[in-house]
Amino acid sequence: MTGNQIRQSFLDFFRERGHTIVPSAPLVPGNDPSLLFTNAGMVPFKQVFLGTETRPFVRAADSQKCLRISGKHNDLEQVGRDTYHHTFFEMLGNWSFGDYYKREAIAWAWELLTAVWKLPKGQLYATVYTTDDEAAALWREVTDIGHDRISRFEDENFWEMGETGPCGPCSEIHIDRGPDACDRQGRPHRCQVNGDCARFMEIWNLVFIQHDRDASGALSDLPAKHVDTGMGFERICAVLQRVPGNYDIDVFRGIIAAGERIAGKRYGTAERDDVSLRVIADHSRAVTFLVAEGIVPSNEGRGYVLRRLLRRAARHGKLLGIDRPFLHEVVGAVVETMGDAYPEIVDGQVRIAEVVRVEEERFALTLDRGLALLTAEMDRARTRGGRLAGEVAFRLYDTFGFPLDLTEDILAGEELTLEREGFEREMQAQRTRARGAQRFADAEAAPEIAGGAALASRFVGDRIVEWESEILALLGADRQPLREAASGATVDVVTAETPFYAESGGQVGDRGWITTDAGARLEVLDTHKIAPAVAGHRAVVRQGAVRVGDRVRLAIDPERREAVRLNHSATHIMHAALRHHLGTHVKQAGSFVDDSKLRFDFSHHKAVGTGELRGVEDEVNAVIRDNLPVTTEEMSYDDAIKAGALAFFGDKYGDRVRVLRMGDYSVELCGGTHVERTGDIGLFKLDGESGVAAGVRRIEAVTGRGALDEIRRHEALLGDIAQMLRAGERDAKVKLEKLLEQQRELERRIQELQGRLAGGAGRDVLADARRVDGATMLATRVDGLDDQGLRDMADSLRDRIGSGVVVLGAVRDDRVLLLAAVTKDLTKRFHAGNLLKQLAPMVGGGGGGRPDFAQAGGKDPSRLDAALAAAYDLLGAAGQ
Ligand SMILES: [Zn+2]
Ligand SMILES: [Zn+2]
């Protein structure tokens with residue numbers, strides 16, 4: 001059985017017996033600040049046993065990830081030296097919360113081991129607590145274990161959560177691995193259960209929680225009895241796979257193999273190499289899971305545990321002759337072998353590898369020099385009783401980044417010891433110095449900033465979203481160096497290292513937060529370059545205060561970075577697609593990428609046609625669906641150009657450049673942040689093409705969620721329109737066309753009706769017309785129309801009479817309106833403007849206009865009828 005099958009069969013066995021399978025709780029305990037890491041299967045259920053929490057089930061089974069590395073200085077040292085210690089391990093467990101008790105726990109454990117996993121009964125032994133007659137009787141009653149294989153122990157078989165609280169007897173199952181497994185061969189002793197050799201091994205502990213111990217030490221019975229069992233996963237795998245040690249099981253095999261491949265060594269050939277290969281395999285697992293939970297290397301707490309593990313593993317790589325950062329590759333093997341059971345490491349794989357690589361590179365800067373110093377000092381120590389001076393260990397710690405247990409680990413390998421008092425003395429002295437030095441730190445940093453060059457801040461890589469570093473400088477307005485920045489201040493914060501991308505290459509700077517353990521919170525609004533190698537975090541202090549020298553935690557806004565990443569990668573694909581569709585004269589003339597969109601300017605002599613745009617959009621989306629791997633590689637500028645990389649728009653390139661590759665589709669120089677595979681972009685949607693200057697076009701586009709949002713906006717708009725039309729989306733267009741047609745028809749009818757109404761009660765005003773020489777003369781009163789109505793009516797009357805003159809008069813709001821229109825054929829004989837010039841004074845006004853059309857106003861409505869009668873006279877139609 002493979003490890004994965006063993007884990008699964010354990011869970012299946014208990015699922016069939018009514019247990020709820022719960023996923024592993026995190027390594028970082030959520031509700032227990034006293035504990036650095038989850039170090040046993042019961043940790044997530046502690047509050048249930050204490051009665052302060054409940055669960056929606058009474059039976060559970062799980063495989064819990066655990067990390068055991070106490071604050072004590074020398075426990076890490078043992079891992080790798082033997083074949084059964086681990087930092088990271090898995091614990092299989094089944095649980096009863098006030099439900100079943102000893103009978104079922106014992107019967108099922110026996111059934112799984114002997115009936116399902118077929119372990120030989122003749123090799124198994126059970127132990128019970130000295131006074132636990134109940135458990136002893138149950139072993140005889142519900143299993144067929146040989147009665148002489150049940151024995152009683154005192155300390156080994158009583159379990160306590162702590163000084164006080166839940167506790168109870170336990171029953172263990174041991175296996176006899178045969179005389180060859182004894183590691184005390186030849187020395188006088190007896191191989192036995194709970195003995196002192198490796199032949200008998202405990203494989204499963206069944207804890208029966210039935211008492212509560214009070215402060216006086218007295219035991220009382222708990223109201224409910226619980227079962228808590230634990231079986232070391234790596235150990236049971238070794239037993240079932242019949243291999244000599246935990247590191248020989250398949251789960252470790254793939255990880256060890258990665259170490260073998262990188263080092264060019266074989267496991268099992270030389271003990272010294274085997275130790276290093278085991279250290280690397282064990283620590284790589286721990287590191288992978290720690291970083292997956294968001295921990296980054298630092299000088300304190302959990303971050304320091306991670307740093308110690310990484311550095312110890314890096315140093316063992318050195319021992320194997322590996323001369324480059326390599327642990328981030330071993331992480332891949334961990335994900336390969338354990339990703340099925342723990343998907344969180346698959347999801348975080350790229351980021352984990354990046355965090356590990358950065359820490360390896362950082363340590364590589366000092367590892368060799370530190371080792372040289374230590375080697376020389378160890379020679380001196382040998383001549384002085386085998387003790388290394390504490391000051392040396394401190395120097396290694398302070399200057400070369402050697403965690404104390406790394407130095408001790410190296411010493412132990414050479415059978416030397418350390419003078420710890422000396423180390424502690426130096427450590428204390430440094431703390432005192434640091435407090436005094438704080439006051440001078442800013443004053444020293446200031447001239448460096450002013451000078452520009454001495455200060456540098458390193459970008460730790462585009463997969464890392466959180467990092468710890470120290471403040472090198474604080475700059476206020478006009479780049480004025482500051483001692484400290486307090487709440488409300490806006491400052492540029494410069495740190496030694498940062499996960500924040502500083503605006504460059506068209507990509508916006510990151511936003512996020514900078515915090516300290518002392519409670520300071522700074523909101524980073526933008527990140528920009530103060531000098532070529534110096535990133536400034538433009539931040540507002542929201543809470544507390546920071547000083548130069550403070551250790552800070554830098555966390556970018558990951559969602560924003562992710563959106564920027566998609567837009568930036570899509571820009572490169574679009575660039576290549578444009579060259580395919582428009583020609584290779586297309587060159588980037590500028591670009592801007594933020595979290596909402598991408599903007600790309602390029603050389604092209606005319607507008608890009610709709611068909612070409614669609615072709616580009618299709619090609620970009622096809623490349624996205626191809627899901628090509630995206631890789632970056634540092635190389636010399638010359639090598640990059642030889643490799644076919646496109647370099648553009650007067651960017652200043654250093655000697656070393658970053659080459660971005662998307663499969664074989666695109667190769668460009670770029671220092672920005674990018675997706676892992678083109679498929680991550682999801683969707684690409686063009687959002688406009690325009691000209692920005694002669695020969696320069698601009699395309700804007702959206703990707704990922706942004707593209708989806710854009711499409712949804714259009715969809716919502718169409719939905720709203722359809723709803724307003726009371727039509728389905730598909731019928732909306734036809735319905736709208738119909739409505740517009742109806743509107744045109746209605747307008748026509750309104751005009752017609754207005755015309756009729758104007759004459760009063762449907763009277764046809766043409767009844768007043770008179771004929772002169774084949775032309776129609778009309779002068780009539782049409783009260784109630786406004787200017788526009790009057791004009792429209794004049795137009796329509798002129799059309800109807802064909803040839804003639806129309807004079808309309810109206811009274812509105814005590815004012816007189818006069819209007820005259822002459823058909824084209826008669827403008828030689830009649831002049832509309834002149835006509836009104838004569839009529840308007842009659843109604844107390846004035847006006848005039850063109851020969852074919854004129855308007856006038858007047859103040860005397862009582863004279864309107866007379867004026868209209870006079871119009872006929874003037875037109876020579878009086879006698880008709
Ligand atoms: Zn023995
Ligand atoms: Zn780029």
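This passage looks at two zinc sites and one arginine in a predicted model.

The zinc ion (ligand 1) picks up its protein donors from Cys182 (SG), His189 (NE2), Cys191 (SG) and Cys197 (SG), which sit 2.1 to 2.3 Å from the metal. Along the chain, these donors run with the spacing C-x6-H-x1-C-x5-C. Angles between the four donor atoms come out at 102 to 113°, so the arrangement around this zinc ion (ligand 1) is tetrahedral. For reference, the ideal angle for four tetrahedral donors is 109.5 degrees. As for accessibility, Cys182 is buried at a relative accessible area of 7%, whereas His189, at 27%, is partly exposed.

The zinc ion (ligand 2) has His568 (NE2), His572 (NE2) and Cys670 (SG) as its protein donors, at 1.9 to 2.2 Å. Here the spacing reads H-x3-H-x97-C. Distant parts of the chain are linked by the pair His572 and Cys670, 98 residues apart: His572 belongs to helix H15 (residues 558-582), while Cys670 lies in the loop between strand S26 (666-669) and strand S27 (684-693). Both count as buried, because the cut-off is under 20%; His572 has a relative accessible area of 6% and Cys670 one of 10%.

Then there is Arg285, found in helix H7 (residues 271-292). With a relative accessibility of 0%, Arg285 counts as buried. Its side chain makes a polar contact of 2.8 Å with the side chain of Glu234. Leaving aside residues up to four places away in sequence, Arg285 touches Glu234 along with Phe88, Phe89, Glu90, Val251, Phe252, Ile255, Val334 and Met338.

Conventions: Residues numbered from 1 in each chain as written. Chains lettered and ligands numbered in written order. Predicted model: local features only at pLDDT ≥ 70, side-chain atom pairs only at ≥ 80, totals over all residues. Heavy atoms only, no water. Helix = DSSP H or I, 4+ residues; strand = E, 2+ residues; numbered from the N terminus. Buried < 20%, exposed > 50% of the residue type's maximum accessible area, 1.4 Å probe, protein only. Polar contact = N/O pair within 3.5 Å; in protein donor to acceptor, adjacent residues only side chain to side chain. Contact = heavy atoms within 4.5 Å. Donors = N, O, S within 2.8 Å, 3.2 Å for Na, K, Ca; no water. Tetrahedral: all angles 85-135°; square planar, octahedral: opposite > 155°, others 65-115°.
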